[in-house]
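Hi,

Here is the structure I said I would pass on. Have a look at it first, and my notes follow underneath.

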Amino acid sequence: MKVERYDIAIIGAGPAGLRAAQVAAGEGARVALIDDNPRPGGQIWRQGPGVVPQPPLALWLADTAPRPNLDVMQGAKVIAAIGANRLLLECADRPACIESTHLLLATGARERLLPFDGWTLPGVTGAGGLQALIKGGMPVAGERIVIAGSGPLLLAAASTAARRGADVRAVVEQAGAARVLRFAATLALTPAKLAQAVALMRTIRRSRYRTGAVVVKAHGAKRVEAVRIRAAGRERSIETDRVACGYGLVPNVALAQALGCTLDSHGAIRVDDSQRTSVRGVLAAGECTGVGGMELASVEGALAAYAALGIDDARVATERRSRERWRRFAARVAAAFELGEEARRLPSPDTLICRCEDVSIGSVSTHANWRDAKLHTRCGMGPCQGRVCGAAASTYFGWNVEAPREPFSPARIDTLIAAGDIGP
């Protein structure tokens, strides 16, 4: 199999990856941009039927995507790391191998799903998952929807559903009213975010935004029909056709761990002031280095590209000042929506924590750590490779969850065979 060689390979086509590709391609480097979605944009700018690309993405598609020194590889999954600077990919129609002088990880984050009784019923998804489904064309007009969990993503998901005709019955936020109000007051420091929050709130009824509350059970025969929420020790039920629940985001670091990159105390990729990781030639940007929003991700993507290209001029200084501003905003978000005791409370012992292998909370809780739980219950050994249950186990039990082994995603047999036929 032929090895394609690049100056910079970027994994992830969200705000960080797109900005990095824009900078690097604009400076004349040969760039590969790799993403497993069919279109660029990531979750925040996800494209789909009837979705008009937002201005930043539309500008990128018009000005950066056509550059001859940029190869955009959509629908491509990273299957394995081969040596220090090669990656085995599985594209839509063939396996591929790329080699790069610099590798930039812009792998983003994924939702933290915390199990509750009935969470495996049809109609229950993540909050971000619901948003992705709607942008992908799933009709929700006339459906009653409850969105729960924590963080600004809840309002974004609620707004997306409401604009597509859904009846958003409640937005259930685990953080208390005082913390949410204090955070809202600080939005004056970032006028763009204040305007965004006001616009999101206008799409839902303010009276349906509940703070200091959590979902405790979804009811239904063949699919979800109602959901029970708990606030201040009291419970009430809301009839609903769909429940979307997500307790913030966790950095997506599987590839970084496989490459040997050091993680910080929050489970994000540790980077220096230039977005370099602990592994030579590997940089990281965006939410995989810490959840902070699309503005911070975009700035970090630019800084990582400049570092890979050896550029250190006035543009870099400007981006670093911007990065500090958005890091302060990210810290305020993290403090406001930190998971409280109610959100971390274990559900009933027979609630599944691992849907892939049908493993219950009770079975996992008898073990001392993640490795023991995997060995004795198969928790984390299904198709998702612990991406869902691992985050839940880390939240509930404080366990350090090991990275998934290669292959990182289910792969075709021809892709795996091709790995043994890679030329020099």
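One thing before the details: this is a predicted model, so please read everything below as computed from that model.

**Overall picture**

The protein chain holds 14 helices and 19 strands. Its C-alpha atoms fill a box of roughly 65 × 50 × 40 Å along the principal axes. The radius of gyration is 22 Å, which agrees with the value near 22 Å that a compact globule of 424 residues would have. Buried residues account for 49% of the 424. The accessible surface adds up to about 19,000 Å², and 52% of that belongs to carbon and sulfur atoms. As for how the chain is connected up, take the contacts between residues at least 6 apart in sequence: 65% of them join residues at least 24 apart.

**Helix α4 and what surrounds it**

I spent some time on α4, which runs over residues 153–163 and is mostly covered, with eight of its eleven residues buried. Which ones are they? The buried set is Leu 154, Leu 155, Ala 156, Ala 157, Ala 158, Ser 159, Thr 160 and Ala 161. These residues pack against both helices and strands: α3 (127–135) and α6 (191–202) on the helix side, and β9 (144–150), β10 (167–173), β11 (209–210) and β15 (242–247) on the strand side. Just after the helix, Gly 165 takes a positive phi of about 95°.

One of those partners, β15, contains Val 243. Val 243 has a relative accessible area of 0%, so it counts as buried. Leaving aside neighbours within four places in sequence, Val 243 is in contact with Phe 116, Gly 123, Val 124, Thr 125, Val 146, Val 224 and Val 227. Val 215 is 28 residues away from Val 243 along the chain, and their C-alpha atoms are separated by 9.5 Å.

**The cavity**

How many cavities of 30 Å³ or more does a search of the whole structure find? The search turns up one, with a volume of about 40 Å³. Its lining is made up of Trp 370, Lys 374, Gly 380, Gln 385, Gly 386, Val 401, Glu 402, Ala 403 and Pro 404. By type, that lining divides into four nonpolar, three polar and two charged residues.

**Two residues with unusual backbone angles**

Most residues other than glycine have a negative phi, which is the background for the next two. Gln 275 is not a glycine, yet has a positive phi of about 70°. You will find Gln 275 in the loop between α7 (254–259) and β17 (282–284). Is Gln 275 buried or exposed? With a relative accessible area of 0%, Gln 275 is buried.

Arg 378 also has a positive phi, near 70°, and is likewise a residue other than glycine. Arg 378 sits in the loop between α12 (370–377) and α13 (389–397). Its relative accessible area is 41%, so Arg 378 is partly exposed.

**Two more places to click on**

Gln 47 lies in the loop between β2 (31–35) and α2 (55–63). Why does Gln 47 count as buried? Its relative accessibility is 17%, and the cut-off for buried is under 20%. Not counting residues up to four places away in sequence, Gln 47 touches Arg 39, Pro 40, Pro 53, Leu 57, Leu 61 and Lys 135. For a sense of scale, Gln 47 and Glu 402 are 355 residues apart in sequence and 32 Å apart in space, C-alpha to C-alpha. Glu 402 is one of the residues lining the cavity.

Leu 352 is in strand β18, residues 352–354. At a relative accessible area of 22%, Leu 352 is partly exposed. Beyond its neighbours within four places in sequence, Leu 352 is in contact with Pro 115, Trp 119, Thr 120, Asp 358, Val 359 and Ser 360. Ser 265 is 87 residues from Leu 352 along the chain, with 28 Å between the two C-alpha atoms.

That is what I have for now.

Cheers

Definitions and conventions. Residues numbered from 1 in each chain as written. Predicted model: local features only at pLDDT ≥ 70, side-chain atom pairs only at ≥ 80, totals over all residues. Heavy atoms only, no water. 1 Å grid on protein atoms, 1.4 Å probe; cavity = no way out; pocket = protein on both sides within 12 Å on 5 of 7 lines; lining within 4 Å. Points joined across faces, edges and corners; volume = space filled by probe spheres on them. Nonpolar A, V, L, I, M, F, W, Y, C, P; charged D, E, K, R; others polar. Helix = DSSP H or I, 4+ residues; strand = E, 2+ residues; numbered from the N terminus. Rg over C-alpha atoms; globule rule 2.2 N^0.38 Å. Buried < 20%, exposed > 50% of the residue type's maximum accessible area, 1.4 Å probe, protein only. Contact = heavy atoms within 4.5 Å. Areas by Shrake-Rupley, 256 points an atom, 1.4 Å probe, with all protein chains shown as cover.
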